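Okay, thanks for squeezing me in. I'd like to walk you through the contact between two chains first, and then a couple of sheets.

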Amino acid sequence: MDLRYTEEEEAFRLEIRAWLSAVLPSLPAKPASTDWPARRAYDTHWQRTLYEAGYAGIDWPVDGGGRGSSPVEQLIFKEECEFAEAPYIGTGFVGLGHAGPTIIAEGTQAQKERYLPAILKGDEIWCQGFSEPGSGSDLASLRTKAVRDGDEYVINGSKIWTSHAEVADYCEMLVRTGDDDSRHRGISWLIVPMDTPGIEIRPLTTIGGSTEFAELFLDDVRVPVANRVGDENDGWRVTMVTLSFERGTGFVGDLLESMRILRSLTELAKRTGLWGDPSIRRRIASLTAAFDGLWALTKRNVSEAARLGVPGVGGVVFKLSYSENGQALCDLGLDLLERSGLAASSIAGADSLGDLPNAELVEAWIKGISLTIAAGTSQIQRNIVAERVLGLPKEPK
Amino acid sequence: MDFQLSDDQRALQEGIRSLINGAISLEEIRTKEGADDTVEQAWWDALNDAGVFSLLVAEQDGGVGLSLADGVVVAEELARGLVPGPLLSTMVLGPGLADAAGGMPIALIDQQSPNSAVPLLLEHPQTVKSIVVLPHMGDAAGQCRRLDPSTLTLSLVDEPLDPLTPLAVVQGTLPEGEAIDGLDAVGLRQRSLVLLGAAQVGIAEVTVELAVEYAKGREQFGRPIGSFQAVKHLLADALCRTELARSACWAAAVTLDNNDVATREADTLSCSPGEVRWRVAAGAKMLADDAALANARTAIQVYGGMGFTWEVPIHLYLKRARVLAQTLATRTQLADLLSALI
């Protein structure tokens, strides 16, 4: 049990801190949250900045063009980025976090050369076509079909929850190439250019009013067979291999952001006088303990990943605990705002205490509701913990 | 950074676990339920011979020379085994008091605030040979004092909640006792909070293990109850509580062990290293108290009616968790302590 950083790691931290303080002041202004083309431009500019400084793909292996940093260095990098309030990965999320690592692990040489540098440089943005209207938690039941026609696949079906589809260049798509009932054994992983004829994008409006994700309708969409990553019908395994790139640092940015929000809520409570209420103070204390615990859990996960090459069971435990506490944090924010929490825009002159962060907190509260749904619902995560960690018998199918 | 059990810590964990399984079995422990004295001398001697009470004492002072992080591993195991006795107090006092390090059972009690209406309770009154009084938490300059239990008027309490933790009420006011020089009261309280938390983690873990085994074997509606999501999800949440609390306890121990870690974390949290130490200790016990109490109750729930019987041992863990949760600082006191730091 050791939480000390080496001299090299401390030097790396200082290097990152210095670099961030040099580049962040010259960043363009943040675009409006609803302007997706502008957000893409902002995100890709930041990615290009990272690339030119040698920090792109910090969690990618060197042979994929990444920096190949150790899990601890990844942790330090993300920590410093969060403290400096550097831009988030944003629209680059799927390319850098999933599609790129998949191509590194399973792609051909030609695919690696074609797609990886463009992701690292911020030239190309990816989206994800995995879930379908009929296939959410039970992803292996997906029905979007790809039929071979010469050296092309012809794709028909629909995808859902495709984030940033409107501004993406490519989609990593899971399609059924096997029999209708082949489940995990009949899925292939395809690279689908988003400008291919036959793709209709229909934005979905979230409960926060954002058009962050969309539904894709696929009507005779033709994609070269050469765009398949891995063997035909082996796409499920290809997808799972990517998960082995996770080093326990996936939620570091989110966790540290939550800790920052908690500090600002503490300040807010002190400013408004609610801090005088012991029940408020104790809620803040409980959340402080929980987030400190999650920070410690992150370091355990990172250490395990560094030793074993893959994170242990801690990743699922983290996701479950983080989601619950993140929602409790957002609820606290709205409780502290009292009636100022009834609008997601700043309410001028609502009191004599100066600006309230009500827009940020209302947005966080609504977004927080998705924490227990996105990337595997908490119910599915609990099944995973129960079956794979505790060894309880599987649910009869 | 390598924040997981080292090979030595794994060996320590296995060593203590097998010692307890062999020399201090649950069956034997249960024969002491409700007794005025629940600590068998042979158990105490076995732990003393294994170095539990001199674990934290430096090697040059004749101890095992291990850290609080190692102590946390041992505290988890002692609680898993439901071993009764003033174990953690004797262990934590080892580095300051030669007779604790030598295996004399010593209790650690909190100096009550002057107008407290709560009676002062001493655990294991027939076992402890000496008492250390921690100054009241608000008394920053206070000194630890030492008392001889024979100078106290003690009356045994009927029906203690934990039938393996006998209690006595201390009648009248505490005698002044003897000030102990060189024993840092703040550090002692912080280290005690972390060890108490670690014991709670042991309880949180073992109760889930018992419930999982039961849920695998117990069949209703023609299949194991552990295959039902309603049961699975209770236990999955319980595991999350254990691992979150364990992470916090380990981190707290390492932070108290190492100034560099406290200083680095102080930079992250924009506070002083001293505040970091209080924060991690209080937070760790808070999460661990929650985990132990909730998991033991979850385990009883999974056992159903059987869980409500005296025969199934989970209630003993739940009751022990209650004792630990009310020791040195309750959840509310911990929350108030933590909120004063932020």
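Let me start with the rule I'm using for charged pairs: a salt bridge here is a side-chain nitrogen of Lys or Arg within 4 Å of a carboxyl oxygen of Asp or Glu. Keep in mind that what you're looking at is a predicted model.

With that rule, take Glu395(A) and Lys232(B): their side chains form a salt bridge, at 4.0 Å from N to O. Between chain B and chain A the count comes to 10 salt bridges. On top of the charged pairs, let's look at polar contacts: 19 residue pairs make one across this interface, both residues being at pLDDT 80 or more.

So what does chain B bring to its side? The elements that give two or more residues are α1, α4, α7, β9, α8, α9, α10 and α12 of chain B. The largest share comes from α8(B), with 17 residues. If you sort the chain B side by residue type, you get 25 nonpolar, 14 polar and 16 charged.

How many residues does each chain put into the contact? Chain B gives 55 residues and chain A gives 52. As a general point, interface size is often quoted as the accessible area lost when the parts come together. For chain B and chain A, that buried area is about 4700 Å², and carbon and sulfur atoms give 62% of it.

Now, staying with charges but stepping back from the interface: over all chains, the structure holds 52 salt bridges. One that I like sits within chain A, where the side chains of Glu80(A) and Arg17(A) meet at 2.9 Å, N to O. Glu80(A) is in helix α3 and Arg17(A) is in helix α1, so this pair ties together parts of chain A that are 63 residues apart in sequence.

Okay, on to the sheets in chain B. A quick reminder: strands of a sheet pair through backbone hydrogen bonds, either parallel or antiparallel.

One sheet is open, with three strands in the order β2-β6-β5 and antiparallel pairing. Which strands are at the edges? Those are β2, residues 121-123, and β5, residues 153-156, each pairing on one side only. On average, neighbouring strands in this sheet are turned by 35 degrees against each other, direction ignored.

If you want to find the pairings on screen, β5(B) runs antiparallel to β6(B), residues 167-171, over four bridges. Look for Ser155(B), which stands opposite Val169(B). On the other pairing, β2(B) and β6(B) are antiparallel over three bridges, and there Glu123(B) has Leu167(B) as its bridge partner.

Another open sheet in chain B has four strands, ordered β1-β3-β4-β7, and its pairing is mixed. Here β1, residues 106-110, and β7, residues 178-179, have a single partner strand each, so one side of each is left without a neighbour in the sheet. Inside that sheet, β3(B), residues 130-134, and β4(B), residues 145-147, run antiparallel and are joined by three bridges. The pair to click on there is Ile131(B) with Leu147(B), its bridge partner in β4(B).

That's what I had, happy to pull any of it up on the screen.

Methods: Residues are numbered from 1 along each chain as its sequence is written. Chains are lettered from A and ligands numbered from 1 in the order in which they are written. This is a predicted model: local features need pLDDT of at least 70, side-chain atom pairs count only at pLDDT 80 or more; totals for chains, interfaces and linings use all residues. Side-chain values use heavy atoms; hydrogens and water are left out. Two strands pair if DSSP finds at least two bridges between them. Axes are lines fitted to C-alpha atoms, for helices over the stretch in contact, and angles run from 0 to 180 degrees between N-to-C directions. Contact means heavy atoms within 4.5 Å. Buried area is the accessible area (1.4 Å probe) that two parts lose on being put together, summed over both. A polar contact is a pair of N or O atoms within 3.5 Å; within protein, one must be able to donate a hydrogen and the other to accept it, and residues adjacent in sequence count only if both atoms are side-chain atoms. Ala, Val, Leu, Ile, Met, Phe, Trp, Tyr, Cys and Pro count as nonpolar, Asp, Glu, Lys and Arg as charged, and the others, Gly among them, as polar.
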